[in-house]
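Colleague: I should be grateful for a close look at a single part of this model, the one you consider best suited to a careful reading. Please then continue to the other parts that can be described with equal care.

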Amino acid sequence: AESWQTPDRNGYCALYECKRGNPRCDVDVEGLAALPCDQIITTSTAPTNDWSAIDWGQRVICIEAGDHTGRGTLTISASGTAQARKVLRYYREGDSGDDPWQPGHAKARVLALHASDQRFIVVHRLSFTERRTTAPVYVSPGSSDLIFAHTLVEHVDPEFGSEPSVYVDGASRTHVQNSVIRECFARVGNDGQGLNYMNTTDTRIVSNELYNCSRLLSSVFSP
């Protein structure tokens with residue numbers, strides 16, 4: 001069997017996982033996430049109150065482990081291409097490849113991420129763990145070919161709103177894979193959703209853990 005057909009420990013083969021050689025999504029996500037950093041944003045990279053230090057002309061933009069929530073929402077401001085996807089990924093010295101939900105992991109904490117009309121992006125191993133009333137991860141119309149892998153999303157607070165933790169609206173070919181979405185502050189009478197996709201095309205939710213939310217997954221008019 002091809003490498004992408006190798007079953008996991010439960011005997012399950014994720015047919016729609018973006019992986020090298022998979023005809024349904026032939027994207028080497030792990031290989032892209034191992035590319036060297038073209039730019040590293042540390043907690044002390046100035047200015048520290050926004051994301052304007054990012055050079056979106058670079059291909060691989062690394063976010064160092066630490067608390068970046070004071071910078072506000074990270075808005076993706078440039079696209080990659082099918083041949084050279086842009087990568088926004090976790091970084092730390094001595095990285096062992098551990099996932100952000102593992103004990104002792106030094107998270108790269110980002111307040112929120114927004115992609116609008118951007119294409120061919122891989123977001124890898126970032127953490128969105130701040131209590132919020134709006135979606136920490138929002139992919140809005142016009143975007144396509146975004147892959148979120150090994151990300152941690154939690155702490156949406158529906159007390160004053162009901163946006164999901166991950167909200168994909170009007171985008172196409174969005175993949176959320178091998179990630180954890182949890183702790184949506186479920187309350188009686190409120191709708192703390194894990195992931196919601198509306199009016200999208202070819203959205204793939206593959207091999208994730210979603211738990212401790214009022215509603216885990218919902219979609220509207222999404223073929």
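Modeller: I begin with His124, which, apart from residues up to four places away in sequence, touches Val29, Glu30, Ala33, Leu88, Arg89, Tyr90, Ala149 and His150. Please bear in mind that the model is predicted. His124 belongs to strand S8, residues 119-124. Its relative accessible area is 5%, and because buried means under 20%, His124 counts as buried.

A comparable description can be given for Gly72. This glycine is located in the loop between strand S3 (66-67) and strand S4 (73-76). Its relative accessible area of 18% is under the 20% limit, so Gly72 is buried. Once neighbours within four places in sequence are set aside, the contacts of Gly72 are Trp51, Leu111 and Ala112. With Ala112, the chain separation is 40 residues, whereas the C-alpha atoms are 7.0 Å apart.

The strands come next. S4 is joined to strand S7, residues 112-116, by 4 bridges, and the two run parallel. Within this pairing, Ile76 is placed opposite Ala115 of S7. Ile76 also belongs, with Leu74, to the covered face of S4, while Thr73 and Thr75 make up the uncovered face.

A further parallel pairing involves strand S13, residues 166-169, which has 4 bridges to S16. Here Asp169 faces Met198 in S16. Of the 6 residues of S16, 5 are buried, and the strand is therefore largely enclosed by the rest of the structure.

S16 leads to one of the disulfides. Cys184 and Cys213 are joined with their sulfur atoms 2.0 Å apart, and the bond is right-handed, with 45 degrees about S-S. Cys184 occupies the loop between strand S15 (180-182) and strand S16 (193-198), and Cys213 the loop between strand S18 (209-211) and strand S19 (215-220), so this disulfide ties together parts that are 29 residues apart in sequence. Both Cys184 and Cys213 are buried.

The model contains 3 disulfides. Another of them connects Cys37 and Cys62, with 2.0 Å from sulfur to sulfur. Its angle about the S-S bond is -95 degrees, which makes the link left-handed. The link spans distant parts of the chain, 25 residues apart: Cys37 lies in the loop between helix H1 (29-33) and strand S1 (39-41), and Cys62 in strand S2, residues 60-64. Cys37 has a relative accessible area of 24% and is partly exposed, because this value falls between the limits of 20% and 50%. Cys62, by contrast, has 0% relative accessibility and is buried.

There is also a disulfide between Cys18 and Cys25, with sulfur atoms 2.1 Å apart. The angle about its S-S bond is 85 degrees, and the link is right-handed. Cys18 and Cys25 are both buried. When the bonded cysteines of the chain are numbered in sequence order, the pairing reads 1-2, 3-4, 5-6.

Cys25 brings us to the pockets. The second largest pocket has a volume of about 160 Å³. It is lined by 13 residues, and those closest to its centre are Arg24, Cys25, Asp145, Arg173 and His175. By character, this lining comprises 7 charged, 5 nonpolar and 1 polar residue.

The enclosed space can be described in a similar way. In the whole structure, a search finds 1 cavity of 30 Å³ or more. The volume of the largest cavity is about 40 Å³. Its lining is formed by Phe128, Val137, Phe148, Thr151, Val153, Val166 and Val176. Of these lining residues, 6 are nonpolar and 1 is polar, and none is charged. The lining of the second largest pocket, as noted, includes 7 charged residues.

To return to the starting point, His124 is a buried residue of strand S8, and its contacts include Val29, Glu30 and Ala33. Val29, Glu30 and Ala33 fall within the range of helix H1 (29-33), which comes before the loop that holds Cys37.

How values were computed. Residues numbered from 1 in each chain as written. Predicted model: local features only at pLDDT ≥ 70, side-chain atom pairs only at ≥ 80, totals over all residues. Heavy atoms only, no water. Disulfide = S-S within 2.5 Å. Buried < 20%, exposed > 50% of the residue type's maximum accessible area, 1.4 Å probe, protein only. 1 Å grid on protein atoms, 1.4 Å probe; cavity = no way out; pocket = protein on both sides within 12 Å on 5 of 7 lines; lining within 4 Å. Points joined across faces, edges and corners; volume = space filled by probe spheres on them. Nonpolar A, V, L, I, M, F, W, Y, C, P; charged D, E, K, R; others polar. Contact = heavy atoms within 4.5 Å. Pairing = 2+ DSSP bridges.
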